[in-house]
Amino acid sequence: MRLTGQLAEPLLTFAAVSVARGDRVLLQGLTGAVLPGEILHIRGANGVGKTSLLEVFAGLREPESGAVKGPDEATQIHWIGHRNALNGALTPFENLSFWCELQGVPGDGIRGALREFDLTRVADQPSRQLSAGQQRRAALARLAVVRRPLWFLDEPLSALDDSGVRHWLGLLAAHQQQGGAAIVTSHQALPATLAGLRHWELA
C-alpha cells in the first residue's frame with residue numbers, strides 16, 4: 001500500500017513497514033509519507049493494528065520489518081495515547097507541570113492551554129474528580145502547552161462531548177494551517193472540509 005502526496009519535505013516517511021503483535025503479523029508492506037499540512041486519519045475495525053501502527057510511526061514500537069524516518073528530535077513530536085496518562089491525585093495544572101518538567105520545556109503556557117481547553121474552573125481539582133471528557137481535555141491540553149510539528153493521536157475524540165470535539169477540530173485545523181501534520185486514529189469521522197485530510201482504511 002502506498003500513500004502519495006504533494007512535493008514537499010516529509011515530516012515522516014516509512015518504507016516496506018510490517019507490524020506484528022506477538023507472532024501475528026497485522027500489517028505489511030506499508031510505504032508512504034506524511035507531509036507538512038497533512039492529516040492522516042487511520043481507520044479500521046478493532047484489533048486490525050491501528051494503535052500498533054501509530055506506535056511504530058511514533059518510534060514507540062519497532063516494526064517487524066521495514067524502516068520509519070521521522071523527526072530527529074523527540075521534542076518535535078506530540079504523542080497522546082488512548083489512555084490519558086494523568087495522575088489522579090494531581091490537578092490538571094500539576095499534571096501538565098510534571099509533564100513539562102519531564103519534557104524539559106517551560107511551563108509558562110500551562111494556564112493558557114487549560115483555558116483553551118475550557119478547564120480553568122477545574123484546573124486545581126484532583127484529576128480523579130474530573131469527568132471522563134474533562135480528563136481527556138486535560139491530556140489533549142499538552143498540544144497547546146508546547147507547539148510541535150508532528151502529532152500522533154490515538155482516539156483523541158474518546159469521551160469528548162460535541163463542544164470538546166469542535167474545539168479539538170479547531171486546534172487541529174490551526175495546526176494544519178501552520179504547516180503541522182497529524183496522524184490520527186479514530187472511529188469517529190473527521191469533517192471532509194478539513195484541509196489536508198487523507199483517510200487510510202486498514203483491513
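This tour proceeds through a sheet, two helices and a set of salt bridges.

The model is predicted, so local features require a pLDDT of at least 70 and side-chain atom pairs count only at pLDDT 80 or more, while totals for chains, interfaces and linings use all residues. Residues are numbered from 1 along each chain as its sequence is written, and side-chain values use heavy atoms, with hydrogens and water left out.

**The sheet and helix α1**

Select strands β1, β2 and β4 to begin; helices (H or I, at least four residues) and strands (E, at least two) are DSSP runs, numbered from the N terminus. These strands form an open sheet of 3 strands in the order β2-β1-β4, with antiparallel pairing; two strands pair if DSSP finds at least two bridges between them. β2 and β4 (65-69) stand at the edges with a single partner strand each, so one side of each has no neighbour in the sheet. From one strand to the next, the twist averages 25 degrees. Axes are lines fitted to C-alpha atoms, for helices over the stretch in contact, and angles run from 0 to 180 degrees between N-to-C directions.

Now display β1 (residues 12-21) with β2, where the antiparallel pairing extends over 7 bridges. One position to label is Ala-20, whose bridge partner in β2 is Val-25. Add helix α1 (residues 50-57), which packs on the sheet and touches β1, β2 and β4. The direction of α1 makes about 135 degrees with that of β1.

**Helix α4 and Leu-143**

Move next to helix α4 (residues 132-140), in which 7 of the 9 residues are buried. Buried means under 20% relative accessible area, exposed over 50%, and partly exposed in between (1.4 Å probe, protein chains only). Among the buried residues of α4 are Gly-133, Gln-134, Arg-136 and Arg-137. Show also β5 (77-80), α2 (92-103), α5, β6 and α6 (162-177), which are included in what covers those buried residues.

Within α5, select Leu-143. This leucine is buried, because its relative accessible area is 0%. Leaving aside neighbours within four places in sequence, Leu-143 is in contact (heavy atoms within 4.5 Å) with His-78, Ile-80, Trp-151, Leu-153, Trp-168 and Leu-171. A distance drawn between the C-alpha atoms of Leu-143 and Leu-171 spans 8.7 Å, although the two are 28 residues apart along the chain.

**Salt bridges**

The whole structure contains 8 salt bridges, each defined as a side-chain nitrogen of Lys or Arg within 4 Å of a carboxyl oxygen of Asp or Glu. Select Arg-198 and Glu-38, whose closest N and O atoms are 2.9 Å apart. Arg-198 belongs to strand β8 (residues 197-201) and Glu-38 to the loop between β2 (24-34) and β3 (39-43), so this pair ties together parts 160 residues apart in sequence. Both Arg-198 and Glu-38 are buried.

Lys-69 and Asp-72 form another salt bridge, with the closest N and O atoms 2.7 Å apart. Here Lys-69 is partly exposed at 49% relative accessibility, whereas Asp-72 is exposed at 67%.

Turn then to Arg-147 and Glu-116, which meet in a salt bridge of 3.7 Å, N to O. Arg-147 lies in the loop between α5 (142-145) and β6 (150-154), and Glu-116 in helix α3 (residues 110-116), so the pair ties together parts 31 residues apart in sequence. Glu-116 is partly exposed, at 29% relative accessibility. Finally, select Asp-118, Arg-137 and Asp-161, which are joined into one network by salt bridges that share partners.
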